[in-house]
Amino acid sequence: MATVLVVEDDEYVRSAMIQELGRRQHAVRSAGRALDALREITQNPPDAVILDLGLPDLDGSEALKMVRSVSSVPVIVATARDDEAEIVRLLEAGADDYLVKPFSGDHLNARLDAVLRRARAAGPPPVLRVGALSVDLNRREASLGGEPLSLTRREFDLLAYLAARADRVVPRKELLTEVWQQSYGDDQTIDVHLSWLRRKLGESASAPRYLHTVRGVGVMLITPS
């Protein structure tokens with residue numbers, strides 16, 4: 001049994017999926033809007049998400065990007081779009097699988113069982129440790145010397161990305177692409193977030209301990225000596 005969040009604005013389709021998943025003993029929650037779904041995912045994380053693309057408040061592909069910025073939960077995209085290029089783009093954007101509407105209950109459950117098996121085999125995301133710094137990717141929590149750090153979502157994403165690549169320089173362009181999901185942008189955005197993060201780590205740019213800027217190249221999170 002798993003907890004499944006069904007994100008679908010069509011009441012008939014949503015009801016049918018809830019009934020079918022409930023028949024297989026899954027605990028099912030639902031949302032008809034993307035923002036409601038994001039709130040559910042952050043406040044009460046499910047084991048899997050079935051995400052419709054045609055949502056009234058936000059296109060499902062944009063919703064997928066937002067989900068991936070806050071969670072690694074398995075996502076099955078449910079779409080009436082059968083364009084191969086679109087499906088490839090969604091998988092590259094972070095979808096774990098897709099279903100083309102209309103689909104049967106058996107097909108839905110088979111795909112759901114498959115992504116749940118893969119997620120369980122992979123196990124929970126690791127806790128990253130760099131010196132006295134600890135970053136729990138699953139709980140989205142960080143601590144320094146055992147003391148919790150109060151981080152914004154973006155600060156956590158930046159810290160987690162650097163911690164996963166500790167002791168190597170990460171180019172600024174890579175940070176913009178992977179953390180901010182932007183192909184271009186202003187370096188000042190990175191600098192501002194680094195400044196806030198340094199303050200919470202109890203250091204400064206002039207006296208760095210963990211966060212080091214390599215001029216003209218990028219940023220490096222190092223293990224203090």
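# A guided tour, stop by stop

Start by selecting proline 102, which sits in the loop between strand E5 and helix H5 (residues 105-122). Before zooming in, keep in mind that what you have open is a predicted model. Now look at the link to the residue before it: lysine 101 and proline 102 are joined by a cis peptide bond, with omega at about -5°.

**Stop 1: the parallel sheet**

From that loop, step back to strand E5 and select its sheet. In which order do the 5 strands of this open sheet come? Reading across, you meet E2, E1, E3, E4 and E5, and the pairing is parallel. Strands of a sheet pair through backbone hydrogen bonds, so switching on hydrogen bonds in your viewer is a good way to see this. At the edges are E2 (27-31) and E5 (97-100), each with pairing on one side only. On average, neighbouring strands here are turned by 20° against each other, ignoring direction.

Next, pick out E1 (residues 3-7) together with E2. These two run parallel and are joined by 5 bridges. Show the side chains and find two of the facing pairs. Leucine 5 has arginine 29 as its bridge partner in E2, while valine 4 stands opposite valine 28 in E2.

**Stop 2: helices on the sheet**

Add helix H1 (residues 11-23) to your selection. H1 packs on the sheet and touches E1, E2 and strand E3 (48-52). Its direction makes about 165° with that of E2. Follow the chain through E1, H1 and E2, and you have traced a right-handed β-α-β unit.

Now move to helix H3 (residues 60-70). H3 also packs on the sheet, where it touches E3 and strand E4 (75-79), and its direction makes about 155° with that of E3. Which residues of H3 are buried? Select Gly60, Ser61, Ala63, Leu64, Val67 and Val70 to see them. Their cover includes helix H2 (34-43), E3, E4, helix H4 (84-92) and H6.

**Stop 3: two neighbours in one loop**

Go back to the loop between H1 and E2, and select glutamine 25, which is found there. Glutamine 25 has a positive phi of about 75°, although it is not a glycine. With a relative accessible area of 55%, glutamine 25 counts as exposed because that is over 50%.

Move one step along the chain to histidine 26, which lies in the same loop between H1 and E2. Is histidine 26 buried or exposed? Its relative accessible area is 12%, so it is buried, the limit being under 20%. To see what surrounds histidine 26, show its contacts beyond four places in sequence: Met1, Ala2, Val4, Leu21, Asn109, Leu112, Asp113 and Leu116.

**Stop 4: a stretch named in a record**

Colour residues 3-116. UniProt, in an unreviewed entry, places the feature "domain: Response regulatory" here. Over this stretch the chain is 48% helix and 21% strand. Find the C-alpha atoms at its two ends: they are 10 Å apart.

**Stop 5: the nonpolar cores**

Now for the largest nonpolar core, which has 27 residues. Which of them touch the most other members? Select Leu133, Val135, Leu175 and Leu221. Strands E6 (127-130), E7, E8 (141-144) and E12 (218-221) each supply at least two residues of this core, as do helices H6 (153-163), H7 (172-178) and H8 (187-200). The largest share, 7 residues, comes from H6.

Zoom in on leucine 221. Beyond four places in sequence, its contacts include Val130, Leu133, Leu159, Leu162, Tyr210 and Leu211. There is also a second, separate core of 19 residues, and Leu53, Ala63, Val77 and Leu90 are among them.

**Stop 6: two last residues**

Another contact of leucine 221 is aspartate 167, which you will find in the loop between H6 and strand E10 (170-171). Aspartate 167 has a positive phi of about 70° without being a glycine. With a relative accessible area of 45%, aspartate 167 is partly exposed.

Finish at serine 134, in strand E7 (residues 133-136). Its relative accessibility of 18% makes serine 134 buried. Leaving aside neighbours within four places in sequence, serine 134 is in contact with Val127, Leu128, Arg129, Glu141, Ala142 and Ser143.

Definitions and conventions:
Residues are numbered from 1 along each chain as its sequence is written. This is a predicted model: local features need pLDDT of at least 70, side-chain atom pairs count only at pLDDT 80 or more; totals for chains, interfaces and linings use all residues. Side-chain values use heavy atoms; hydrogens and water are left out. Two strands pair if DSSP finds at least two bridges between them. Helices (H or I, at least four residues) and strands (E, at least two) are DSSP runs, numbered from the N terminus. Axes are lines fitted to C-alpha atoms, for helices over the stretch in contact, and angles run from 0 to 180 degrees between N-to-C directions. Contact means heavy atoms within 4.5 Å. Buried means under 20% relative accessible area, exposed over 50%, partly exposed in between (1.4 Å probe, protein chains only). UniProt positions are given in the numbering used here, feature names are shortened, and annotations may be inferred rather than shown by experiment. A crossover is right-handed if, with the strands pointing away from the viewer, the path from the first strand over the helix to the second runs clockwise. A nonpolar core is a set of buried Ala, Val, Leu, Ile, Met, Phe, Trp, Tyr and Cys residues joined through side-chain atoms within 4.5 Å.
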